[in-house]
Amino acid sequence: MVANAPLSFLPSPPVNGFNVGPLFVHFYGLMYVIGIALAIYITRRRWQAAGGNPALVADVATWAVPAGIIGGRIYFDITTPGDITPHAWWGVFAVWNGGLGIWGGVALGAAAGIWRVRRSGASWTLFANAIAPALLVAQAVGRVGNYFNQELFGKPSTLPWALEVGRAHRPAGFTSFATFQPTFLYEVIWDLALAAALVWLGHHRRIRPPGLFALYIAGYSAFRIFEETLRIDSSEHILGLRLNFFVALIGTIAGLAWFVINQRRPDPPAADPVPAAEDADGADAGPGEPDGAEPGTAGQADAPDTADSVPSSAAEK
C-alpha cells in the first residue's frame with residue numbers, strides 16, 4: 001500500500017525533455033547549458049570590473065567546461081559504479097541520464113582554468129575570486145535538471161514541499177512512499193544564497209584572493225554534509241555513512257583552512273613592473289598589461305599578490 005501523499009506537494013515533472021525534429025533535448029542537459037552560459041556572463045562582468053580582459057573568460061570556458069564535465073563523470077563512475085547504465089559500452093559516458101560528481105568537475109575544471117589563466121599572464125587568484133559566485137549560480141541551475149530526471153531526492157517526507165516521485169524512480173525499499181525530501185531544491189536555495197553572500201563579502205570586506213573561492217569550496221561542502229544525511233540514492237558507504245559525506249567533510253575543512261591561512265599570511269613586498277603579457281588569444285596585449293586591465297590589477301602575473309590591493313570581488317556593473 002502506497003503511503004498517503006500530503007495535501008500540498010511538489011508534483012513530479014510530466015516529461016524530461018522535448019523533441020526538436022528528430023533530436024530529443026533533455027531538460028537535464030538544457031539546464032547545464034543555461035547554467036554554463038550564466039556562469040560565463042557573470043564571470044565576464046566580474047572579471048572586467050576587476051580590471052581583467054573579458055576575452056579571457058571565453059578562452060577559459062572553452063577548456064574548463066569540457067574538463068569539468070569529464071572530471072565530473074569520472075568521479076561519478078568511480079564512486080557510484082552501480083549507477084552506470086548496464087549492458088552498454090557507452091554507459092560510462094551517458095551524462096544525459098544524469099551522473100556528474102561536482103567535486104570531480106570542480107577539480108579538473110579548475111586545473112584547466114588555472115592553466116589557461118596563467119598562460120595568459122593574468123592572476124589566477126583574482127580570476128578564482130571572480131568565478132566563485134558564478135559557479136554557484138551554474139550549480140543551482142544544473143540542480144533544476146535533477147528535478148526533471150527525478151533524482152537526487154532525500155528520505156520519505158510528508159512536508160508541504162515534499163516532492164512527488166514516480167514509482168519507477170523510487171529506490172529499492174522505498175517504493176511504498178509517494179513523496180520525498182527535495183534535496184536538489186534545498187541545494188538550489190543554498191547555492192544562490194551562498195553566491196549572494198560571496199558577492200556581498202567582495203563588496204564590503206577586504207578578502208585576499210583567492211579567499212572567495214576558498215569560501216565557495218568550504219560553504220558548498222558544508223551544505224553537502226547536511227544533504228548527504230538526507231539523500232537515499234545509491235552510494236558507497238564507509239562506517240555506515242555515504243562516501244560523499246566524508247568528501248564533503250574534507251572539502252569543508254580544507255576550504256576553511258585555505259581561507260584562514262591565505263588571509264593571515266603577510267602582505268608581499270611591492271612588485272616590480274609587470275612584463276608584457278599575452279592576452280587570451282596569445283597576442284601581445286601591450287607593454288605591461290593585458291587588454292582592458294588596469295596597471296597592477298587582474299592582468300598582473302600570478303606570483304605577486306599585490307592583486308590584494310585590488311577589490312577581491314569587484315561589483316557587477
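Begin by selecting helix H2, residues 55-79 (helices being DSSP runs of H or I with at least four residues, numbered from the N terminus), which gives the most to a nonpolar patch, with three residues. This is a predicted model, in which local features need pLDDT of at least 70 and side-chain atom pairs count only at pLDDT 80 or more, while totals for chains, interfaces and linings use all residues. Residues are numbered from 1 along each chain as its sequence is written, and side-chain values use heavy atoms, with hydrogens and water left out.

Next, show the side chains of Ile 70, Ile 74, Ile 78 and Leu 108, which together form the patch on the surface and have about 370 Å² of accessible area (Shrake-Rupley method, 1.4 Å probe). Patch members have over 30% relative accessible area and no salt bridge (a Lys or Arg side-chain nitrogen within 4 Å of an Asp or Glu carboxyl oxygen), and nonpolar side chains are joined within 5 Å. Within helix H2, centre on Ile 78, which is exposed at a relative accessible area of 62%, exposed meaning over 50%.

Now turn to the interior, where the structure holds two cavities of 30 Å³ or more; a cavity is a set of points on a 1 Å grid where a 1.4 Å probe fits but cannot get out, and its lining residues have an atom within 4 Å of a point. For the second largest, of about 50 Å³, select Ile 102, Trp 103, Val 106, Tyr 216, Ile 217, Tyr 220 and Ser 221, which line it. Helix H3 (102-120) and helix H6 (211-228) each give two or more residues to this lining, and the largest share, four residues, comes from H6.

Methods:
On a 1 Å grid over the protein atoms alone, a cavity is a set of points where a 1.4 Å probe fits but cannot get out, and a pocket is an open set with protein on both sides within 12 Å along at least five of seven lines; lining residues have an atom within 4 Å of a point. Grid points are joined across faces, edges and corners, and a volume is the space filled by probe spheres set on the points. Patches are made of residues with over 30% relative accessible area and no salt bridge: like charges are joined within 9 Å, nonpolar side chains (Val, Leu, Ile, Met, Phe, Trp, Tyr) within 5 Å. Buried means under 20% relative accessible area, exposed over 50%, partly exposed in between (1.4 Å probe, protein chains only).
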